[in-house]
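Biologist: I am new to this structure and would love a guided close look at one part of it. Could you pick a pocket, walk me around it, and then show me how the strands beside it fit together?

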Amino acid sequence: MLFLVLIVVQLFVLPNFTQPQVTEVSYSEFLQMVEDGQVTEVAVNETDQQINFLVKKEAGAEEENYTATTFPDDMLIDWLQNAETREG
């Protein structure tokens with residue numbers, strides 16, 4: 001019986017602690033975070049219309065995982081590259 005309980009805990013409880021938390025925000029919140037210089041890395045998945053990105057809100061803090069749903073924006077990649085250039 002104890003063995004069964006351990007298996008259930010391992011399958012259903014532990015994965016929730018080991019997977020990184022992902023915060024979902026709106027597209028406009030994502031753009032504001034980029035403007036504020038908080039976004040450190042971006043991955044755009046055009047097939048799923050998702051933007052996955054890392055945010056570092058304070059110096060010395062750990063990066064946090066975020067996601068946002070995109071809408072058709074032909075200028076997004078250029079805008080992100082320009083934002084990176086402005087930040088250094």
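Modeller: Let's start with the second largest pocket, which holds about 190 Å³ of space. Please keep in mind that this is a predicted model. The lining of this pocket is made up of Val 44, Glu 46, Gln 49, Thr 70, Phe 71, Pro 72, Asp 73, Asp 74, Leu 76 and Ile 77. Sorted by character, five of the lining residues are nonpolar, two are polar and three are charged.

Two of these names lead us to the strands. Val 44 is a lining residue, and strand β2 covers residues 39-45. Gln 49 also lines the pocket, and this residue sits in the turn of the hairpin formed by β2 and β3, where four residues lie between the two strands. There, Gln 49 has a positive phi of about 55°.

Now follow the hairpin itself. Strand β2 and strand β3 (residues 50-55) run antiparallel and are joined by six bridges. To find your place along this pair, look for Ala 43, which stands opposite Asn 52 in β3.

On we go to the next pairing. β3 is also joined to β4 by six bridges, again with the strands antiparallel. Here Ile 51 stands opposite Ala 68 in β4.

Gln 50 is a nice residue to pause on. This residue belongs to strand β3 and, leaving aside residues up to four places away in sequence, touches Ala 43, Val 44, Asn 45, Thr 67, Ala 68, Thr 69 and Thr 70. Of those partners, Val 44 and Thr 70 are among the residues lining our pocket. Gln 50 and Thr 67 are 17 residues apart along the chain, yet their C-alpha atoms are separated by 6.8 Å. Is Gln 50 buried or exposed? Neither label fits: its relative accessible area is 23%, so Gln 50 counts as partly exposed, since buried means under 20% and exposed over 50%.

From β4 we can step across to one more strand. Strand β1 (residues 22-25) pairs with strand β4 (residues 64-69) in the parallel sense, over four bridges. In this pair, Glu 24 stands opposite Thr 67 in β4, and Thr 67 is also one of the residues that Gln 50 touches.

Finally, let's zoom out. The protein has three helices and four strands, arranged from the N terminus as α-β-α-β-β-β-α. There are 88 residues, and 20% of them count as buried. The protein exposes about 6900 Å², with carbon and sulfur atoms supplying 53% of that area.

How values were computed
Residues numbered from 1 in each chain as written. Predicted model: local features only at pLDDT ≥ 70, side-chain atom pairs only at ≥ 80, totals over all residues. Heavy atoms only, no water. Buried < 20%, exposed > 50% of the residue type's maximum accessible area, 1.4 Å probe, protein only. Areas by Shrake-Rupley, 256 points an atom, 1.4 Å probe, with all protein chains shown as cover. 1 Å grid on protein atoms, 1.4 Å probe; cavity = no way out; pocket = protein on both sides within 12 Å on 5 of 7 lines; lining within 4 Å. Points joined across faces, edges and corners; volume = space filled by probe spheres on them. Nonpolar A, V, L, I, M, F, W, Y, C, P; charged D, E, K, R; others polar. Pairing = 2+ DSSP bridges. Contact = heavy atoms within 4.5 Å.
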